[in-house]
There are 2 protein chains.
Amino acid sequence: MKADHIPAPAVKRLSLYLRELENLQRGGRTTVSSRRLGDALGLTDAQVRKDLAYFGQFGHPGIGYDITELSTEIRRILGTDRTWNILLVGAGNLGTALAAYRGFSKRGFHLVAVFDSDPRKIGRPVPSVESITIQPLGEIAKTVKQYDVRLAIISVPAEAAQQVADLLVEAGVRGVLNFAPTALTVPSEIAVSAVDMAVQLEQLSFQLGMMQRLPARSG
Amino acid sequence: MKADHIPAPAVKRLSLYLRELENLQRGGRTTVSSRRLGDALGLTDAQVRKDLAYFGQFGHPGIGYDITELSTEIRRILGTDRTWNILLVGAGNLGTALAAYRGFSKRGFHLVAVFDSDPRKIGRPVPSVESITIQPLGEIAKTVKQYDVRLAIISVPAEAAQQVADLLVEAGVRGVLNFAPTALTVPSEIAVSAVDMAVQLEQLSFQLGMMQRLPARSG
DNA sequence: TAATGTGAACTTCTTCACAGCC
DNA sequence: GGCTGTGAAGAAGTTCACATTA
């Protein structure tokens, strides 16, 4: 197959496949079928095969997929077969927690610097990441160049997010993960991904209301 | 229109419309067109109108939508025209940050209790939320009943997440927001929403790779 | 003129179903 | 028998375009 246009939902699932493959590997398995991989994630076997087929032929008929082999391929596809230097803007509660999050480095993302606009924080170490000192926003451009940073995390209040995004884009950052609860306007060549935690809860709230109205769809 | 089945993507956007309406309201506006609302979020005007039409007729031809009126309707649709009591399991770095997050209460979600399995944390206040004392997991069921809790946040390590989910479901929780980087298996009547921050970065990494291969699609 | 609501057309995504291989 | 890869069919979601209302 090897399509040139790939559905965005398929790329999202690719990350989930990788995560699940790592779990399976920890459990001692060496191969996995599309059926088993799909079951673990609530997807059909056909969906799994189709998604992978967008990128090449990685399976072995009668056998399934070799876990190590497929993990390597997915990392290559996602571009995480190397380490990315990232930076974080906003050393509040959430930013501090994100800075300490081990899951990023496990997946090949290395935090090199943290920024904040609060003069009382500047010059101090990030709580729980002693090795990183909080810097003023004015230092962003320099850091981007120095460490070839292409990805940044925004964890500032909504009111400040657009300004920070502008700074990051100007400094040469190519992708932004936005935790501020507001939409960002950026040039089309800049990738943006957003996480709004209140929005997630609202989705759950809606689903609960739905279930109450039309309950128990079995199948 | 008032369809009985509503596309999941439409529901997701509904939350974003509400967020944007609140921003507009703060800016002093009283009405907004589908065009303007769409532009702010990177959507077409038709998309906005179609999404809203799934739920009823809220607009005024020639005028647009009344911001207060539409906000109220969306809150009613999402079920956030009331306060939800929520609880949080996992008082690590991320859990602590989430507990302190003001965005939840702003949107009608009230945190009533925090749980952790670490005996050294139990009995202590949540850092930066002095009013809440960390409780052992065994207290979950009691709290769910006492406060009529229907939604819970999981922010424990991946290895513990499934066990915690089982506990929550058994206690009567109806929806779970999962921050652990693993898929959860729950009964079909339980709603699950997941946030995996490393997955978000991987999506950005992929997009950057894509852009390098086939750059500058203008249009 | 400005803007909504919506059927119809279109595009995108998912599932089916089966040839082919181990 | 078990399992992949994929064209074809089907389902879902988005955009168009226009009648309609203020």
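**Close-ups of a predicted protein–DNA model**

Helix α3(B) gives four residues to the surface near DNA strand D, the largest share of that surface. Keep in mind throughout that the model is predicted.

**View 1. The protein surface around DNA strand D draws on both protein chains.** From chain A, the elements that put in two or more residues are α3 (45-53), β2 (59-60) and β3 (64-66), while chain B brings α1 (8-26) and α3 (45-53). There are 27 residues around this strand, and the ones that come nearest are Ser34(A), Arg49(A), Gly59(A), Tyr65(A) and Arg13(B). Of the atoms of DNA strand D that come within 4 Å of the protein, 60% belong to sugar and phosphate. Sorted by class, this surface has 12 nonpolar, 10 polar and five charged residues.

**View 2. Here are some atom-level contacts with DNA strand D, to bases and to phosphates.** Start with Lys50(A): a polar atom of its side chain sits 3.2 Å from a base oxygen of the strand. Gly59(A) uses its backbone instead, with a polar atom there 2.8 Å from a phosphate oxygen of DNA strand D. Over on chain B, the side chain of Thr44(B) has an N or O atom 3.3 Å from a phosphate oxygen of the strand.

**View 3. Around DNA strand C, it is α3(A) that gives the largest share of the nearby surface, four residues.** Which residues come nearest to this strand? Out of 27 around it, they are Arg13(A), Ser34(B), Arg49(B), Gly59(B) and Tyr65(B). Sugar and phosphate make up 66% of the DNA strand C atoms that come within 4 Å of the protein. By class, the residues of this surface split into 12 nonpolar, 10 polar and five charged.

**View 4. Zooming in on DNA strand C, phosphate oxygens meet side chains and backbone alike.** A polar atom in the side chain of Gln47(A) is 3.3 Å from a phosphate oxygen of the strand. For Phe58(B), a backbone N or O atom lies 3.3 Å from a phosphate oxygen of DNA strand C. Tyr65(B) joins in through its side chain, where an N or O atom is 2.8 Å from a phosphate oxygen. The elements giving two or more residues to this surface are α1 (8-26) and α3 of chain A, plus α3, β2 (59-60) and β3 (64-66) of chain B.

**View 5. Chain A and chain B bury about 5,400 Å² between them.** Carbon and sulfur atoms account for 65% of that area. Leu201(A), Glu202(A) and Phe206(A) together supply 12% of what chain A buries against chain B, more than any other three residues. In terms of contacts, 61 residues of chain A touch 60 residues of chain B.

**View 6. Salt bridges and polar contacts cross the interface of chain A and chain B.** How many salt bridges does the rule find across this interface? It finds four. There is a salt bridge between the side chains of Arg107(B) and Glu202(A), at 3.4 Å from N to O. Polar contacts across the interface come to 22 residue pairs. On the side of chain A that touches chain B, helix α9 (residues 197-213) gives the most, with 14 residues. By class, that side has 36 nonpolar, 16 polar and nine charged residues.

**View 7. Chain A is divided into two domains, domain 1 (8-78) and domain 2 (84-199).** Their centres, taken over C-alpha atoms, are 31 Å apart.

Technical notes: Residues are numbered from 1 along each chain as its sequence is written. Chains are lettered from A and ligands numbered from 1 in the order in which they are written. This is a predicted model: local features need pLDDT of at least 70, side-chain atom pairs count only at pLDDT 80 or more; totals for chains, interfaces and linings use all residues. Side-chain values use heavy atoms; hydrogens and water are left out. Contact means heavy atoms within 4.5 Å. Buried area is the accessible area (1.4 Å probe) that two parts lose on being put together, summed over both. A polar contact is a pair of N or O atoms within 3.5 Å; within protein, one must be able to donate a hydrogen and the other to accept it, and residues adjacent in sequence count only if both atoms are side-chain atoms. Ala, Val, Leu, Ile, Met, Phe, Trp, Tyr, Cys and Pro count as nonpolar, Asp, Glu, Lys and Arg as charged, and the others, Gly among them, as polar. A residue is near a molecule or strand if one of its heavy atoms lies within 4 Å of it. Domain bounds come from an automatic or database domain assignment.
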